[in-house]
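Ready for a few exercises? Have a go at each task yourself, then read the worked solution under it.

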Amino acid sequence: QTDSAEHFAQTLKISIKVLENLRINYGSHRRQVTISNPGTVEFPAKRWEIYFSQIYIPELGHLASGGIELSHVQGQLYKLTPAPGFKPIPAGGSLSFSYLSNGNSVAYTDSFPNWYIIYKGSKPLIVESTRGEAAKFAVVHDTPDSWKSDSDPSSSSFDRHNPPTSADRFVLDSSPDLSHDPLPVIPTPLQVSNFDKGISVYMHQGAWVVIGETSFHSEMEYLASAWQLKISTSLPSSHYIKFSKGNSFLSDIIGDRSCDEGYRIDVSPSKNIITIYAEKSQGAFYAVQSLIALRNTEGKLPAITIRDAPRFNYRGLMLDIARNFQLIRLMAMYKLNKLHLHLSDDEGWRIEIPGLDELTSIGGSRCHDLKETRCLLPFLGSGPDKTSSGTGYLKVTDYKEILAYAARHHIEVIPEIDVPGHAHAAVVAMKQRYIDTGSDQYLLTEPNDESNFKSVQGFTDNVINPCLNSTYTFLRKVISEIYHMHKDTNPLSRFHFGGDEVPDSAWSHSPSCRRLMMQHPDMTIKRYFLQQVALILKSLGLDMAAWEDGFNESEGHSFSPHMFPQKDVISYSWKNPPHMNLLKSAYTMANSGYKVVLASATNLYLDHPQEPDPAERGLVWATRFVSTKRSFSYSPLQLYSSTNVDIRGNMVEECVNDEYTCPSLKRPGNVIGMEAILFGELITSVEILDFMLLPRLLAVAERAWHEAKWEELPVGSERKSQLLADWNKFTNTLAYRELPRLDRLGFKYRIPPPGAILSPDKTTMLVNVTYPSQTVEISRNGGFGWAVMLDSSTKVNPGERIMLRTKAGTRTSRPILFNPNRLFTLED
């Protein structure tokens with residue numbers, strides 16, 4: 001039928017365009033929505049609703065420019081309806097209207113896909129023109145007013161970022177082609193000697209076997225399985241890989257520091273013997289990973305001696321949710337040993353808790369249910385049905401399988417249940433349980449609490465109440481169930497309770513909190529909550545972990561870690577963006593006695609774009625982009641030299657000699673490691689997960705395992721020179737060994753677009769790539785046909801429109817236009 005929800009869902013064309021980023025109230029932007037009606041009947045003046053999600057909070061109410069009413073549903077979900085006087089959109093016609101939203105929108109992924117329509121009380125249907133990916137209908141920001149947060153050069157907040165041109169990439173992103181992989185393995189070992197690629201052990205000659213200490217049996221089996229070898233009980237004269245137990249093979253380079261993860265490898269081609277030394281199974285496992293990395297596709301390993309140990313015991317990756325075993329294998333390949341799983345948030349509860357079925361039956365799915373009695377609302381562009389990536393959870397059996405697989409790869413799984421904020425999914429689920437059963441045993445909110453708040457993400461009900469006994473009954477139940485899931489396979493030593501971004505007025509009108517504070521006049525609500533959580537964790541023998549603001553008594557001031565019964569209280573420190581004025585936070589926490597895991601947003605948040613181009617996927621609240629080089633350039637024990645650019649592209653001077661603004665790290669032993677962070681608002685497929693993680697994750701792994709010599713140098717030319725030399729070795733090793741290895745394993749890493757400039761006589765185009773082994777393809781007909789460039793240069797005609805893309809294996813980068821002019825001003 002032409003006058004039906006099905007008709008309009010199929011025919012309406014919706015597009016979004018950011019018109020300009022403004023300087024109103026420190027930051028807002030104007031976006032335009034166009035609804036085109038190419039169908040055969042007019043789009044009516046009433047009885048329709050269109051739902052959509054967006055990151056930034058828009059102005060609400062009547063939009064005079066289109067006769068539209070814009071209203072907030074919950075979180076980041078909004079609704080368009082016709083206002084009185086709205087005129088139908090005729091067949092073949094269109095309607096455009098604009099509205100302000102807070103924040104500055106500089107990336108296409110600020111708009112979520114899967115808008116949906118309800119017409120005449122129909123079931124909700126996705127508007128097909130918005131289905132799948134925002135790139136289909138979000139017009140890429142194509143003017144400085146739209147790709148800059150502030151385009152006024154005279155403004156103090158002028159945004160210096162521009163989308164990099166091909167000329168920018170040619171200068172900034174390329175590395176000299178060394179024609180080989182200079183690093184034996186990634187992460188870089190502590191010490192390498194006797195390294196000679198010209199002399200090799202050949203695994204395809206002779207009957208190689210694995211033999212060794214019984215304490216390393218699991219690691220021996222791992223290697224034997226990977227290389228299809230047999231495990232022997234007797235020592236042959238040659239052609240064997242032997243695992244030996246020892247504890248003195250590193251003493252001269254790490255002193256008396258204990259290191260369960262240290263190892264030594266000796267590859268002796270003259271004897272056809274490979275020997276692995278380790279004190280603990282973890283070290284033997286990492287020796288195996290290095291050995292696998294050393295072997296080329298022909299089965300040859302170079303002569304080499306490696307003595308190796310990590311700089312940090314904690315080398316992590318945080319994911320919103322993970323059930324992909326390939327990812328655990330990837331972490332092990334690059335010696336990452338902590339998988340921090342963010343298992344709950346406002347938009348979903350992702351782990352089964354026996355006895356609390358509502359957490360997953362309601363909190364684990366999204367659909368169009370405005371009362372949220374069957375599911376959560378379709379946040380983050382999930383669409384109205386329970387068929388998207390927004391629906392799903394780990395059953396107990398799934399989670400235990402992950403734990404066992406991770407344990408075999410010496411990876412500790414650290415679960416996070418985010419409370420008291422970011423808890424919309426749990427709040428809704430337990431509210432419905434209360435309605436269905438009449439029992440308030442696990443209720444997380446008060447029916448008569450009139451507190452009025454809105455979270456950063458637009459939620460009005462996403463905070464659990466710390467003043468209810470039922471809150472702690474709930475937390476005790478959830479934590480205990482997860483504890484017992486871990487018990488037999490991947491024992492739990494710490495629990496992460498989130499603790500971040502709690503709205504200030506969350507409990508301002510809570511009767512139970514008013515009563516509690518009257519009983520404890522010297523207590524704050526947050527202190528009470530933290531102490532209760534600490535006691536629950538203590539009863540299970542667990543250390544306490546949270547995001548750094550979870551331990552803040554007030555902005556910039558944390559509670560003393562000594563108020564908790566735990567030996568170790570672990571702060572995950574992310575607040576280092578210069579515009580947040582909290583650069584000192586990590587070191588302040590470490591100096592006060594917290595154990596600190598560094599998660600610095602400007603270098604380690606892999607949910608941000610990989611270059612400052614609006615066509616790149618990512619969030620931009622902390623910094624405009626996090627490139628692989630920025631992650632590689634991170635100095636965990638010299639933090640003030642790691643954050644050299646602010647969110648607008650201004651160079652930031654290193655903070656020195658100021659114990660208030662940038663205190664020195666007085667207790668470096670309290671910095672226990674670092675972690676890459678990947679929140680999942682924009683992750684809807686495994687391919688997107690790979691694209692955002694790789695190859696940046698390898699740079700994080702490099703810094704977590706290996707301390708480079710340039711890290712200790714002061715900011716200046718010598719440090720920059722050594723860093724660049726190190727970077728060139730790293731990129732060539734990626735190009736000639738690691739990226740092809742990822743290709744063989746099926747990982748869809750990001751391929752950077754190429755660089756290109758004009759020759760001085762303006763007759764020849766010169767091209768290069770970030771990773772030297774990759775090639776460039778050229779199109780001279782608007783992208784309809786592509787040809788591999790066999791040389792790094794080609795003749796061009798004046799004014800010719802040329803498109804370029806990088807090719808790696810069977811995949812390519814996104815195409816770009818050849819532009820010989822430089823726009824990107826930041827030499828980073």
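**Exercise 1.** At roughly what angle do the axes of helix α11 and helix α13 cross?

*Solution.* Keep in mind that this is a predicted model. Start by finding α11 at residues 469-486 and α13 at residues 525-539. Their axes come within 10 Å and cross at roughly 35 degrees. Next, the handedness: the crossing is right-handed. Now look at who touches whom. From α11 come Tyr472, Leu475, Arg476 and Ile479, and they meet α13 residues including Tyr528, Phe529 and Ile536. Sorted by class, that contact has 8 nonpolar residues, 1 polar and 1 charged.

**Exercise 2.** Work out the strand order of the open sheet that includes β30.

*Solution.* The sheet has 3 strands, running β29-β30-β33, with antiparallel pairing. Check the ends: β29 (755-758) and β33 (793-795) each pair on one side only, and that makes them the edge strands. Then zoom in on β30, residues 764-768, which shares 3 bridges with β33. One pair to look for is Leu766 with its bridge partner Ser793 in β33. From one strand to the next, the twist averages 25 degrees.

**Exercise 3.** Which element gives the most to the lining of the second largest cavity?

*Solution.* First, the whole structure holds 5 cavities of 30 Å³ or more. The largest is about 300 Å³, while the second largest is about 100 Å³. Two elements each supply at least two residues to the second one's lining: β25 (557-558) and α14 (585-592). The winner is α14, with 3 residues. By class, this lining has 2 nonpolar, 6 polar and 2 charged residues.

Conventions. Residues are numbered from 1 along each chain as its sequence is written. This is a predicted model: local features need pLDDT of at least 70, side-chain atom pairs count only at pLDDT 80 or more; totals for chains, interfaces and linings use all residues. Side-chain values use heavy atoms; hydrogens and water are left out. Axes are lines fitted to C-alpha atoms, for helices over the stretch in contact, and angles run from 0 to 180 degrees between N-to-C directions. Helices (H or I, at least four residues) and strands (E, at least two) are DSSP runs, numbered from the N terminus. A crossing is left-handed if the near helix is turned anticlockwise from the far one by less than a right angle, and right-handed if clockwise. Contact means heavy atoms within 4.5 Å. Ala, Val, Leu, Ile, Met, Phe, Trp, Tyr, Cys and Pro count as nonpolar, Asp, Glu, Lys and Arg as charged, and the others, Gly among them, as polar. Two strands pair if DSSP finds at least two bridges between them. On a 1 Å grid over the protein atoms alone, a cavity is a set of points where a 1.4 Å probe fits but cannot get out, and a pocket is an open set with protein on both sides within 12 Å along at least five of seven lines; lining residues have an atom within 4 Å of a point. Grid points are joined across faces, edges and corners, and a volume is the space filled by probe spheres set on the points.
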